[in-house]
Amino acid sequence: MGFVVMVNVIGLGYIGLPTALMMASHGVAVVGTDCEPTLIETLRAGRTTFKEEGLDELFAAAVKEGIVFTTEYQVCDTYIISVPTPYEKLSKQIDPSYVVAAVKSVLEVAPNAATLVIESTVSPNTIDRFVRPVVAETGRTDVHLAHAPERIIPGNMVYELKHNNRTVGADDSEVAERVKELYASFCQAEISITDIRTAEMTKVVENTFRDINIAFANELTKICRVGGMDVHEVIRIANKHPRVNILNPGPGVGGHCISIDPWFLVGDYPETANFIRLARHTNDSMPEWVLGRAFDVMRECHITDSNRVGIYGITYKEDVDDVRESPTLQMLASMERHLVADPCRVYDPWVERDIVPGQVHTMEEFLDGLEMVIVMVGHSQIKSHPELFGNRVLLDTRNVLGDGPNIYKL
Ligand code: SAJ
C-alpha cells in the first residue's frame, strides 16, 4: 500500500482510540494524543482503556506497526480531532469547548497546509460558528478543515470501522479526496463527499432518526400497557409488513450519542424541532416509567420489602462497559428524588469499577436474599442463561428472558 501519512489523532476515547489503531494497523504513521496522562500511561503499558470486541487484537497490531501515545500535540500533515461534544443542559445547544480547545492547540504546532479533520459529532454550523473564527484569529489561511463524522456502534466498532459507509465534508474537492484516501486506507465501504455543513447535519440526523424510532416503540409500550396488549407481539406481527420496522422498546435511551445529538437540533431550532423534542422527552421518561412498573409488579407479587429488589445492569446497553447517560443511572437518580432511603442493590458483570452505592461485583452476592430483579440490560450473560435468576420475580425491561409465570414485561 506504501501509505505513510503522519496523522495525529487528538482524543483517545471511545472513537479516537479505535480510529487511531485502525489507521496505524493499515500502514498510516499515527501518533495518538490525549490530555489525560493516566490514559496515556495505560496505553503505553500495553493495555486498552475499555472493553470492545476485537479491540485488544487491533491494539496489538497497531503497536506492532509503531503507533505512539503521548500527551503532546505533534507536527503532522493531518489531525483527526475526536474529543467530546456535550450539550448545555439549559439551552440544549452544543458545548463546543473541547473541540475549540483542541483546534487551538493543534494550530500552535500545525505546519503549513495541514488538514484538521473534526470527527467529533457537531451540530450543523458548529465548524462555521466556532472553529473557523479560531483559525481566523491565528491569521492562518493555509490550513484546511474537514468533517468526517464517525458512525461506529459500540459493541461492533472494529467491524463497523471497516465496513460502514462514511461521509467526508470539506471546503474543496482536493482536500476531500485526500481525507477520503486516508479513511480508505482501512474503510472498505463507500465514502461520500459533501460540504462541511451537510456532513454535520447528516450525522445528527442519523442519530435523531434512531431516537425517534425508539421513542415510537417506547410510546407503543405505554399504550399497550394501558390497553392490556402485549407490545412485543404487536411489534413482531406489525414488522412482518414489508415497510414496517419498529425498534425495541426498553428502559430508556442512553449512551453519549443518541441521547444527546437530537438536543442539538432542538437547541438550534427550538421553534421547528417539535417532534424531535417530544421523542427525547418520551425516551427520557422511560426510566421513571420502569420504576412505576416495578412498584406495580411488587404489589402484584406481594413483595413489600424494597431491599429485596435488585437492579441488573448499569451500562447503557448490552455487552459494553460504557455507563454514560445509562437508563439505570437515570432510574437511580429518580429513586433518589423519590427519597428512597436505602441504596438499591445493583450488579453489572461489565462494570468492575464502583459507580453507584449498593453496587456488588458477583452474581452470587447480587442474588443473595433477593425476591425480585429489575433487568435493565440484556447482557449475553443472562440472555443465554436466564436460569441464573432462579425463580425470582423478574421485570424484563429488554424482553430478553423469554416467557414464564415469574417474568413480567414493561
Ligand atoms: N435502544 C433501544 N431500543 C432499540 C435500540 C436501542 O432502547 O431498538 C437503546 C439502547 O439500549 C441504548 C440506546 O438506545 O440505550 C442507544 O443504543 P444504540 O445501540 O441504538 O446506539 P449507540 O448509541 O450505541 O450508537 C449510535 C449509533 N447510531 C445509529 O445507529 C444511528 C452509531 O452508529 C453511532 O456511531 C453512535 O450512536 C454515535 O457515536 O453517534
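An oxygen atom of the ligand sits 2.8 Å from a polar backbone atom of I152. Two side chains join in: ligand oxygen atoms lie 2.5 Å from an N or O atom of R210 and 2.5 Å from an N or O atom of Y316. On its own the ligand exposes 770 Å², and the protein buries 90% of that (accessible areas are Shrake-Rupley values with a 1.4 Å probe). Keep in mind that this is a predicted model, where local features need pLDDT of at least 70 and side-chain atom pairs pLDDT 80 or more, while totals for chains, interfaces and linings use all residues. Numbering runs from 1 along each chain as its sequence is written, and side-chain values use heavy atoms, with hydrogens and water left out.

What about the rest of the shell? There are 20 residues around the ligand, and E150, K203, R210, Y316 and R398 come nearest (a residue is near if one of its heavy atoms lies within 4 Å). The shell splits into nine nonpolar, four polar and seven charged residues; Tyr and Pro count as nonpolar here, and Gly as polar. Domain 1 (7-194) and domain 2 (213-409) both give residues to this shell, so the ligand lies between them. The domain bounds come from an automatic or database domain assignment.

The ligand sits in the largest pocket, meaning that more than half of its atoms lie within 2 Å of the pocket's grid points. A pocket is an open set of points on a 1 Å grid over the protein atoms alone, with protein on both sides within 12 Å along at least five of seven lines; a cavity is a set where a 1.4 Å probe fits but cannot get out, and lining residues have an atom within 4 Å of a point.

Now for the enclosed spaces: the structure holds two cavities of 30 Å³ or more. Volumes are the space filled by probe spheres set on the points, which are joined across faces, edges and corners.

| Cavity | Volume | Lining residues |
|---|---|---|
| Largest | about 40 Å³ | Y14, F50, K51, E52, P154, M157, V320, D321, D322 |
| Second largest | about 30 Å³ | P149, E150, R151, I152, E160, L161, N164, N165, R166 |

The largest cavity's lining has five nonpolar, no polar and four charged residues, and draws at least three residues from each of domain 1 (7-194) and domain 2 (213-409). For the second largest cavity, the lining divides into three nonpolar, two polar and four charged.

Key
Polar contact = N/O pair within 3.5 Å; in protein donor to acceptor, adjacent residues only side chain to side chain.
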